[in-house]
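Biologist: Could you take me through the salt bridges in this one, pair by pair? I'd like to hear where the partners sit and how accessible they are.

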Amino acid sequence: HITAIENNLFSGCINLTSISIPNGVTSIGCMAFYNCENLRNIKIPDNVTSIANNAFDRCSKLTEIAIPDGVTDIANCTFSNCTSLTSVTIPDSVTNIDFSAFENCSSLTSIILPNNITSIGESAFANCNSFTNIIIPKSITKIDNSVFKECINLANVTIPDSVTDIGEYAFYECNSLTNIKIPDSVTNIDNGAFDGCSSLTELILPSGITDIADNLLSGCSNLTNFTVPDGVTSIGEYAFMACSKLENITIPNSVKSMGPSVFAECVNLKGITFPEGITSIEDYAFYGCDALTTITIPTLVTNIGSSAFERCTNLTNLVISDGVTNIGKSAFNSCYKLPTLTIPGSVTSIGDCAFEDCWALKSVSIQEGVTNIVKRQFSYCSALTDIILPDSITGIDYQAFRDCYSLTSITIPDGLTN
């Protein structure tokens, strides 16, 4: 006469190893078998049409499950943390898999998603780190946030042309993913979608993408080349950070803004051609880009952010355009091989330590209009022998030329007051 297994009925029965559910049962309640950590075998009767959230959550010894035909919804966290689960049968009746439904099912090697499914919730298969491949059915239009996050052995993903949206961190740290084809139907890819995919060697974005989101390819350490599609107007912060093998990138003139740390620690990036419409190079944009040798700041740029080119250790040629008004703190700090420098008169603000530790810097020309030499601006520039200070200079701050061992003479402008 039992028709339902109520909420929490066997929750925490840690010594329960098997159970027989009567055929008359039609529903299994919330957390009904939660944390039955020794439950190994259970057959869900064919009459069951409803399984509530967390019903089998933390059943860590459960190895297989067959969901009856008639169930339409796999609720949130239904099988999460079932770390021994290797086999799941999902019937065609299922149309929705809710958030975290199979999260942390670390032994699950594959799953066949039914063709009628229309929704897969956030983190539904996150940390299923034995997954090797997945085919997303054509009924899906969005790959939700963190759906396959940290599926570290996922090597093959098929995305159908019904998908228009890929959510935040959808494939975060899928370390075995070497390439993925994104269909032209996709018009939006959210923050960090491929962040930490360390084996990814190539990614081609569809032409409908207009923004490259924050952290999109951060930490993709095997990505060697990338082309930003025409029509993209912005590149978000950290978008390519620590792409350590990235050598070349093509950025179209449609791009008007690039975020902080956008190419930070791209240690093999050999060159960058800035889009014509860029007006600001943000903080840490090219921090630690060791392979950069030449930088020409475009004419429309007014701001070079803090640490924008700090530790570009092989930079030998730098052209700062006349339109620049601000050079941020440590903007070119530790550019060890930079031999000469011209600061245009348009610059009204320079941050502390802007050119500190530029060991090879021998000659500096500061043009009329610049009013201050700031704290530690040229400190530890041990090769500096020649510097021209314009009459517009009114202040020289402390340690501005500290340990400039090779500087034998300097002419102090008449207008200096501080």
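Modeller: Sure. Searching the whole structure turns up five salt bridges. Keep in mind that this is a predicted model.

Let's start with D165 and K142, which form a salt bridge whose closest N and O atoms are 4.0 Å apart. D165 belongs to strand β14 (residues 165–166) and K142 to strand β12 (residues 142–143), so this pair ties together parts that are 23 residues apart in sequence. The partners don't share an environment class: D165 has a relative accessible area of 18% and is buried, while K142, at 32%, is partly exposed. The cut-off matters for D165, because buried means under 20% relative accessible area. There's also a network here: K142, D144 and D165 are joined into one by salt bridges that share partners.

Next up is K270 with E247, whose side chains meet in a salt bridge at 3.8 Å, N to O. Both ends are in loops: K270 in the one between β22 and β23 (280–281), E247 in the one between β20 and β21 (248–250). That pair links distant parts of the chain, 23 residues apart. K270 is exposed, with a relative accessible area of 52%, and E247 counts as partly exposed at 31%.

Then there's D403 with R402, another side-chain salt bridge at 3.8 Å, N to O. D403 is partly exposed at 27% relative accessible area, and R402 is partly exposed too, at 37%.

Two of the strands that flank those loops, β20 and β22, also turn up in an open sheet of three strands, ordered β18-β20-β22 with parallel pairing. Its edge strands are β18 (211–212) and β22 (257–258), each pairing on one side only. Strand β20 (residues 234–235) runs parallel to β22 and is joined to it by two bridges, with S234 standing opposite S257 in β22.

For contrast with the charged pairs, have a look at the nonpolar side. The largest nonpolar core has 133 residues, and F171, F240, F263 and F378 touch the most other members. β28 (340–343) and β30 (363–366) each supply at least two residues of this core. Leaving out residues up to four places away in sequence, F171 touches I143, I166 and F148, among others. F171 and F148 also sit in one aromatic cluster, which includes F125 and F131.

Conventions. Residues are numbered from 1 along each chain as its sequence is written. This is a predicted model: local features need pLDDT of at least 70, side-chain atom pairs count only at pLDDT 80 or more; totals for chains, interfaces and linings use all residues. Side-chain values use heavy atoms; hydrogens and water are left out. Two strands pair if DSSP finds at least two bridges between them. Helices (H or I, at least four residues) and strands (E, at least two) are DSSP runs, numbered from the N terminus. Rings of Phe, Tyr and Trp (its six-membered ring) pair if their centres lie within 6.5 Å; planes under 30 degrees apart count as stacked, over 60 as edge-to-face and the rest as tilted. A nonpolar core is a set of buried Ala, Val, Leu, Ile, Met, Phe, Trp, Tyr and Cys residues joined through side-chain atoms within 4.5 Å. Buried means under 20% relative accessible area, exposed over 50%, partly exposed in between (1.4 Å probe, protein chains only). Contact means heavy atoms within 4.5 Å.
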